[in-house]
Amino acid sequence: MRVIGLIGLVLALLVVGVLAKKQMNSAVAPVLPSASQTTVEAPAGDVRAQSRQIQEQFKQSLDAAQQRRPVPDDN
């Protein structure tokens with residue numbers, strides 16, 4: 001009886017390992033903003049302008065992520 005339990009445990013671990021490997025291989029890479037969405041970069045010495053630019057880009061990204069998607073009618 002112990003052998004059957006041990007075989008079941010090994011099989012369960014094997015299945016979990018295979019599923020975890022498939023999940024790790026199918027991970028989606030994050031989407032970066034395209035060059036057309038970026039604004040003109042500020043000079044290296046202008047920290048305030050860089051800060052404003054980063055805040056504006058973050059706000060645009062947040063607004064784009066929060067846009068409502070159309071819901072299809074299920075008639």
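**Exercise 1. Determine how many of the residues of helix α1 are buried, and compare the expected span of the helix with the distance between its ends.**

Solution. Helix α1 is hardly covered, for among its 24 residues the count of buried ones is zero. The model under study is a predicted one, and in it α1 runs over residues 2-25. For the span, one takes 1.5 Å times one less than the number of residues. With 24 residues, α1 should therefore span 34 Å, and its end C-alpha atoms, lying 35 Å apart, agree with that expectation.

**Exercise 2. Find which residues make the nonpolar surface patch, and decide whether Val-3 is buried or exposed.**

Solution. The patch is made by Val-3, Ile-7, Leu-11, Leu-14 and Val-18, and its area is about 470 Å². Taking Val-3 as the example, one first places this residue in helix α1. The next step needs the cut-off for an exposed residue, which is a relative accessible area over 50%. Because its relative accessibility is 57%, Val-3 counts as exposed.

**Exercise 3. Identify the partner with which Lys-59 forms a salt bridge, and describe where the two residues lie.**

Solution. Side chains of opposite charge can pair when their charged atoms come close. The cut-off to apply is a side-chain nitrogen within 4 Å of a carboxyl oxygen. Lys-59 forms a salt bridge with Asp-63, the closest N and O atoms being 3.3 Å apart, and by this rule the count comes to one salt bridge. Both Lys-59 and Asp-63 belong to helix α2, residues 47-65, where they are four residues apart, or about one turn of the helix. As for accessibility, Lys-59 has a relative accessible area of 46% and is therefore partly exposed, while Asp-63, at 37% relative accessibility, also counts as partly exposed.

**Exercise 4. State how many helices and strands the protein has, and what share of its residues count as buried.**

Solution. The protein has two helices and zero strands. Of its 75 residues, 4% count as buried. The accessible surface of the protein comes to about 7,700 Å², and 63% of this surface belongs to carbon and sulfur atoms.

Methods
Residues are numbered from 1 along each chain as its sequence is written. This is a predicted model: local features need pLDDT of at least 70, side-chain atom pairs count only at pLDDT 80 or more; totals for chains, interfaces and linings use all residues. Side-chain values use heavy atoms; hydrogens and water are left out. Patches are made of residues with over 30% relative accessible area and no salt bridge: like charges are joined within 9 Å, nonpolar side chains (Val, Leu, Ile, Met, Phe, Trp, Tyr) within 5 Å. Accessible areas come from the Shrake-Rupley method with a 1.4 Å probe; for residues, only the protein chains shown count as cover. Buried means under 20% relative accessible area, exposed over 50%, partly exposed in between (1.4 Å probe, protein chains only).
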